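Reader: Please give me a close look at a single part of this model, the pairing of strands in a sheet, and then go on to whatever else helps me read the structure.

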Amino acid sequence: MIRSKGRHGRWLPSFLAAAWLAFPSLLPVPPAVAGPQAAVLPTAEEMEKELLRVLNAEREARGLPVLRLSPALVGLARTQSSEMARRGVLSHESASGRSFSERLSDAAVPFAANAENVARSGTYVAALIHESFMGSLGHRENVLSPLFDEVGIGIVPGAANTYYVTEDFICALVEKPAAEVRAFILGVLNEARAAAGRPPVVLLEDAGRTAQTIAGEKAAGRPVPHVPGFFGEALVRIASGPDLGMIAGRIRGEDLADYGRAGIGIRFGRSPEFPGGAYFVCALLIRDSARAGPDDLERLLAVLKAVNTIRAGKKLSPLELDAGLSDRADEVIARKRMAGPGGAAEEGDGNVFFSMFQKLDQVSPALRKRLEDPGVRRAGISTLPVQTQDGIPLLYAVAVVLGR
């Protein structure tokens, strides 16, 4: 007789897991044929190869692609069959209580979808074992699912002339390089811009660093940090999953016509929601017409370039923008605005510097000296036009806060 049990667990497009158990009726096994070769039984490995051949012949006959044999899945399937034979039970859990998804994760096998069939058979004939699986709705769907592209089969002899059979299926997930994923996401953004008759997105290095931090925190299951105020009005799009097409759809779903600058962060990792691995993507989009948008950002980047030019002349590493320090710099500008005219044109207080300049590439002597300290590694910057003529800035307020 053949008794089998199947479980189908997928990561569906909605990223909801579905699972069920199926118990087909017990099937009678034809009696063994008597004769000189009646005692010559195939080895377990030969049975595995024959069952794979029969399974793929079934798929091919129905116009489905054949499944690749995965050594990693074969190892997992054989281990599961061995444990079932030792315990004398059919189960999708290991002896230590690990599910198939958890066993895949433990073995570092990336996957986008998975399913498992298990059976206890009283025959060594692969065609009959396969016929039993096909007679059960759950098993049949696993065998014929177009989602899967890899399989592992493990057969282990049990007591009383029985065999324990495991078929492990996955949709393999191959991690793409971050640069390739970033280029793909940029293409998605530019398609949306082109559809609105707008030029391609301009990637900003500082926005990219912020987006990368957000993607990393999301992948680690930690709270997503806030977006620094110096970017102005920004739209943050975070999407995760093993399917880049689904991720692209979530990012493309927003009206991107007014967001011409961006930073893209990519992280690949595992999480309780995606034990087989997933891409965690953050697109930080900066609005062109925002009140503190590109003009403010261009001013900030001009100041950053000026201070890092001084650092480069001293063969020191460039300063990195820091959101918390930039918030402090915003506060410095706000206090100066409230104080009104008559204040000092230049101030220096430890790591806090405020100046009034006609050009953004100017650096005060006090700040220039402080920039020569190799222990300084981070900076917060805030700028504001404080005198204009016909909409053209004539004087800028600049606040710089340094940190280690």
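Author: Two strands are said to pair if DSSP finds at least two bridges between them, and strands (E, at least two residues) and helices (H or I, at least four) are DSSP runs numbered from the N terminus. The model is predicted, so local features need pLDDT of at least 70 and side-chain atom pairs count only at pLDDT 80 or more, while totals for chains, interfaces and linings use all residues. Residues are numbered from 1 along each chain as its sequence is written, and side-chain values use heavy atoms, with hydrogens and water left out.

The part to look at is an open sheet of four strands, in which the order is β7-β9-β10-β8 and the pairing is mixed. Its edge strands, each pairing on one side only, are β7 (202-203) and β8 (234-241). Strand β8 runs antiparallel to β10 (residues 278-287), and eight bridges join the two; G241, for instance, has Y279 of β10 as its bridge partner.

Two helices pack on this sheet, where contact means heavy atoms within 4.5 Å and angles, from 0 to 180 degrees, are taken between N-to-C directions of lines fitted to C-alpha atoms, for helices over the stretch in contact. Helix α6 (residues 178-195) touches β7, β9 (259-269) and β10, and its direction makes about 145 degrees with that of β9. Helix α7 (residues 205-219) touches β7, β8, β9 and β10, and its direction makes about 35 degrees with that of β9.

Beyond the sheet, a search of the whole structure finds one cavity of 30 Å³ or more, a cavity being a set of points on a 1 Å grid over the protein atoms alone where a 1.4 Å probe fits but cannot get out, with lining residues having an atom within 4 Å of a point. The largest cavity holds about 80 Å³ of space, the volume being that filled by probe spheres set on points joined across faces, edges and corners. It is lined by 14 residues, of which F357, Q362, L367, V398 and V400 are the closest to its centre. Two or more lining residues come from each of α9 (294-313), β13 (352-357) and β15 (392-403), and β13 gives the largest share, four residues. By class, eleven of the lining residues are nonpolar, three are polar and none is charged, where Ala, Val, Leu, Ile, Met, Phe, Trp, Tyr, Cys and Pro count as nonpolar, Asp, Glu, Lys and Arg as charged, and the others, Gly among them, as polar.

How values were computed: On a 1 Å grid over the protein atoms alone, a cavity is a set of points where a 1.4 Å probe fits but cannot get out, and a pocket is an open set with protein on both sides within 12 Å along at least five of seven lines; lining residues have an atom within 4 Å of a point.
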